[in-house]
Amino acid sequence: MQANRSLVLSAVLAIAAGGFVPSTASFAAQHQATKAKAAAQKKAAAASSVGQPTEPGGPPVLAAKAWLVMDYDSGQVLASENPDEALPPASLTKMMTSFLVEQSIRTGKLKQDDLVSVSENAWCRGSGTESCMYLPLNSQATVIDILRGIIVQSGNDASKAIAEHIAGTEDNFAKLMNTEAKRLGMTQTNFVNATGLPDPAHKASARDLAILARAIIHDSADFYPIYAEREFTYNKIKQGNRNALLYTDPTVDGLKTGHTQEAGYCLVTSSKRNNMRLITVILNANSMQARADQTRALLSWGFGRFEKATPIQPDAQVALAKVSFGKADTVPAVLGAPWTVTVPKGQKLETAAEIKPDLEAPVAKGTVIGKVVATAGGKAVAEAPLVAQADVERAGFLLRAWQHLLRLFGK
């Protein structure tokens, strides 16, 4: 009887154990289901960061605090949300740091092989809370390595070291940054440091950052390919570029990522497809995935919706400008340079010339004497200066007197 009770108790315990301890197969299945659920949630969260346009043909709705898409050639903003709100830019700040380095090399103030010392203030202690190039304390690195450390690795240590090298202190370098920002027309920007580390006074707008990106592409053409580099190894430490689109879109060739808790996830990107280049800015997205997806959505919309047009050929006469007190009464007004305009696909482009009133001789060939405005769908989309096609010499005294009389009597 006792033996039977033992057998029953063992069977009960075995059944109970089987109910509470999953088999290897059931555990694996449960783990795979959890992973699939997490992946689905991540995909849904990313998808929710990009919404459908509010109007046909309009830009996508993005879950970011501010964003912008700009045509590079003209500087025309094709679409935006809160473009002039001053927000924390995080490491997008380093675009100005790298730009000043590039321009210093171009002007001869710096050489690529100049050595930059790493002070204790610049040294990154590797806490894991900030981006680092991992320059050893009291070491030296070349300017070109520092530049790559800023652009590719987003190194705070590299940014501080070059700031001290150029301006003595990071505070002095921030003054140079603000001077350059003002020169470029960045009206909603104030830099406090060279890195973008949080500070209540450290701000920039989406429009300003697009202006800066445009300046880098145009004025730092020799160094711009660095912004497309996917990785950089220094001190035997290889780090990848955090711009995810460099790995998935061959048309993307820059520019910079940024992230702090206050700034959220930020990204400035440029892409060239066929004969058009677009610049996009995303500020304060909620994840790395979101900022990448939102950028892809903006690029897809911009390239799909717009095209390049040439409203007027460079050698074509746009208008005949009246000139007072000259040996000639008029001078042809022409474009000062080739002109291309970005317009919505399929829309008719119209132009209208505006000549300066009361134009008086002498007028030198190439002098700006007006402008031409392009409109699409009744909306002004671009303008270009008009210049005199020829010299107009000032008339002699008698001819000028006669013209004065004609003007006086309204003839």
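Which residues of H4 are buried? They are Val-143, Ile-144, Ile-146, Leu-147, Gly-149, Ile-150 and Ile-151. Here "buried" denotes a relative accessible area under 20%, "exposed" one over 50%, and "partly exposed" the range in between, with a 1.4 Å probe and protein chains only. The structure is a predicted model, in which local features need pLDDT of at least 70 and side-chain atom pairs count only at pLDDT 80 or more, while totals for chains, interfaces and linings use all residues. Residues are numbered from 1 along each chain as its sequence is written, and side-chain values use heavy atoms, with hydrogens and water left out.

## The chain as a whole

The protein chain has 10 helices and 18 strands. These elements are DSSP runs numbered from the N terminus, helices being H or I with at least four residues and strands being E with at least two. Of the 411 residues of the chain, 44% count as buried. A contact means heavy atoms within 4.5 Å. Among contacts between residues at least 6 apart in sequence, 63% join residues at least 24 apart.

## Helix H4 and its surroundings

H4 is mostly covered, since seven of its nine residues are buried. The cover over these buried residues includes H3, strand S5 (115-117), strand S6 (140-142), H5, strand S7 (231-234) and strand S9 (252-260).

The loop between S5 and S6 holds Ser-139. Ser-139 counts as buried because its relative accessibility is 16%. Apart from neighbours within four places in sequence, Ser-139 is in contact with Val-116, Ser-117 and Val-118.

## Helix H3 and its two partners

Two packed helices are described by the angle between their axes and the distance between the axes. Axes are lines fitted to C-alpha atoms, for helices over the stretch in contact, and angles run from 0 to 180 degrees between N-to-C directions. Angles under 35 degrees count as roughly parallel, over 145 as roughly antiparallel, 65 to 115 as roughly perpendicular, and the rest as oblique.

The axes of helix H3 (residues 94-106) and helix H4 (residues 143-151) come within 10 Å and cross at roughly 155°. H3 and H4 are therefore roughly antiparallel to each other. Their contact is formed by Lys-94, Thr-97, Ser-98, Val-101, Glu-102 and Ile-105 of H3, together with Val-143, Leu-147, Ile-150 and Ile-151 of H4. The residues of this contact comprise six nonpolar, two polar and two charged. In this grouping, Ala, Val, Leu, Ile, Met, Phe, Trp, Tyr, Cys and Pro count as nonpolar, Asp, Glu, Lys and Arg as charged, and the others, Gly among them, as polar.

H3 also packs against helix H5 (residues 156-167), at an angle of about 45° and with the axes 11 Å apart. H3 and H5 are therefore oblique to each other. On the H3 side, the contact involves Lys-94, Thr-97, Val-101 and Ser-104, and on the H5 side Asn-156, Ser-159, Ile-162 and Ile-166. The residues of the contact of H3 with H5 divide into three nonpolar, four polar and one charged.

## Residues in three strands

The table gives C-alpha separations for residues placed in strands.

| Residue | Partner | Separation in sequence | C-alpha separation |
|---|---|---|---|
| Glu-81 | Lys-65 | 16 residues | 7.8 Å |
| Gly-370 | Ala-384 | 14 residues | 8.8 Å |
| Leu-278 | Val-252 | 26 residues | 9.6 Å |

Glu-81 belongs to strand S4 (residues 77-81), and its 39% relative accessibility makes it partly exposed. Not counting residues up to four places away in sequence, Glu-81 touches Lys-65, Ala-66 and Trp-67.

Gly-370 lies in strand S17 (residues 368-376) and is buried, with a relative accessible area of 9%. Beyond residues up to four places away in sequence, Gly-370 touches Glu-354, Ile-355, Lys-356, Pro-385 and Leu-386.

Leu-278 is placed in strand S11 (residues 276-285). At 0% relative accessibility, Leu-278 counts as buried. With residues up to four places away again excluded, the residues that Leu-278 touches include Val-69, Met-70, Asp-71, Leu-299 and Phe-303.

## An aromatic pair

A pair of aromatic rings is described by the distance of the centres and the angle of the planes. Rings of Phe, Tyr and Trp (its six-membered ring) pair if their centres lie within 6.5 Å; planes under 30 degrees apart count as stacked, over 60 as edge-to-face, and the rest as tilted. The count by this rule is three aromatic pairs. Trp-301 and Phe-306 form an edge-to-face pair, with 5.3 Å centre to centre and 80° between the planes. Trp-301 is buried at 13% relative accessibility, and Phe-306 is buried at 8%.
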